Amino acid sequence: MKVDVGNVVGNAEAKYDHPNPIARRLVAGFKRAVGDLYLRTCPESVLEVGCGEGLLADSLIRLRRPASFEACDVDLSRLSPGLDPGLSFQTASIYQLPHADRSVDLVLACEVLEHLEDPAAGLRELARVARRAVLISTPWEPVWRVLNLARGRYVRALGNTPGHIQHFSRRALLRLAETRLRVVEVRRPLPWTVILGEPR
């Protein structure tokens with residue numbers, strides 16, 4: 001099983017409960033974009049890959065409760081307490097998901113591809129498992145790093161968030177998505193790119 005060495009599981013800081021009101025507003029825009037696309041697919045089965053603390057999965061299942069909602073990551077030790085009991089969790093790598101081909105209505109990987117040594121292989125596995133749709137998102141670079149520097153974060157790393165080893169412009173993420181997906185919709189909540197596509 002291929003696993004990225006030094007992968008950072010979960011967020012480097014409290015993304016979903018940030019004390020800064022500007023950060024909270026930006027995250028609200030991200031969650032709204034992902035939530036809208038999630039609702040658009042009307043899935044009866046969902047797999048979130050790279051779930052981190054489980055907070056995005058918790059947010060989505062409260063919008064619409066599918067028959068099954070599974071979330072996975074290479075390490076589940078960061079899961080937040082009090083998550084919706086309708087969620088199930090499993091340890092798994094994006095490179096080798098324990099699911100059959102075309103077995104899950106919606107597969108999502110938000111804030112994951114930038115952590116991977118081989119994002120193309122990760123996307124290939126997401127598309128393999130998806131029956132109807134794949135939803136991906138990454139930070140919009142270089143805007144992400146500029147905003148980090150503007151708030152005085154990760155200055156020595158030139159604004160690069162810990163664990164980010166890939167840096168996707170909006171065009172670069174779209175190019176990657178189109179290798180495995182028929183792109184249905186692109187959302188651009190600052191400073192992210194969110195893409196919904198159908199597996200080819």
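This passage walks through a helix pair, a buried strand residue and some backbone features of a predicted model.

A good place to start is helix H1, which covers residues 21–41. The helix has 21 residues and reaches 30 Å from its first C-alpha to its last, close to the 30 Å expected at 1.5 Å a residue. Its buried residues are Ala23, Val27, Gly29, Phe30, Ala33, Val34, Gly35, Leu37, Tyr38 and Thr41.

H1 has a neighbour in helix H2, made of residues 55–63. The two axes come within 10 Å and cross at roughly 50 degrees. The pair is therefore described as oblique, and H1 passes H2 in a right-handed crossing. On the H1 side, the residues that meet H2 are Lys31, Val34, Gly35, Tyr38 and Leu39; their partners in H2 are Leu56, Ser59, Leu60, Ile61 and Leu63. Sorted by class, this contact has seven nonpolar, two polar and one charged residues. Val34, Gly35 and Tyr38 thus appear in two lists: they meet H2, and they are among the buried residues of H1.

Lys31 deserves a second look. This H1 residue is partly exposed, because its relative accessible area is 31%, which falls between the 20% limit for buried and the 50% limit for exposed. Lys31 also shows how a folded chain can bring distant parts of a sequence together: Pro189 is 158 residues away in sequence, but the two C-alpha atoms are 9.0 Å apart in space.

Turning to the strands, Thr138 is found in E5, residues 130–139. Thr138 counts as buried because its relative accessibility is 1%, and buried means under 20%. Leaving aside residues up to four places away in sequence, Thr138 touches Glu111, Leu113, Glu114, Phe168, Leu173, Trp192 and Thr193.

The loops hold some backbone features that are worth finding in the structure. The peptide bond from Glu141 to Pro142 is cis, with omega near 5 degrees, and Pro142 lies in the loop between E5 and helix H4. Another cis peptide bond joins Leu190 and Pro191, where omega is about 0 degrees; Pro191 sits in the loop between strands E6 and E7.

Positive phi values appear as well. Cys42, which follows H1, has phi near 45 degrees, a positive value in a residue other than glycine. Cys42 belongs to the loop between H1 and strand E1 and is partly exposed, at 41% relative accessible area. Tyr154, in the loop between H4 and helix H5, has a positive phi near 55 degrees. With 17% relative accessibility, Tyr154 counts as buried.

Key. Residues are numbered from 1 along each chain as its sequence is written. This is a predicted model: local features need pLDDT of at least 70, side-chain atom pairs count only at pLDDT 80 or more; totals for chains, interfaces and linings use all residues. Side-chain values use heavy atoms; hydrogens and water are left out. Axes are lines fitted to C-alpha atoms, for helices over the stretch in contact, and angles run from 0 to 180 degrees between N-to-C directions. Helices (H or I, at least four residues) and strands (E, at least two) are DSSP runs, numbered from the N terminus. Angles under 35 degrees count as roughly parallel, over 145 as roughly antiparallel, 65 to 115 as roughly perpendicular and the rest as oblique. A crossing is left-handed if the near helix is turned anticlockwise from the far one by less than a right angle, and right-handed if clockwise. Contact means heavy atoms within 4.5 Å. Ala, Val, Leu, Ile, Met, Phe, Trp, Tyr, Cys and Pro count as nonpolar, Asp, Glu, Lys and Arg as charged, and the others, Gly among them, as polar. Buried means under 20% relative accessible area, exposed over 50%, partly exposed in between (1.4 Å probe, protein chains only). The expected span of a helix is 1.5 Å times one less than its number of residues.
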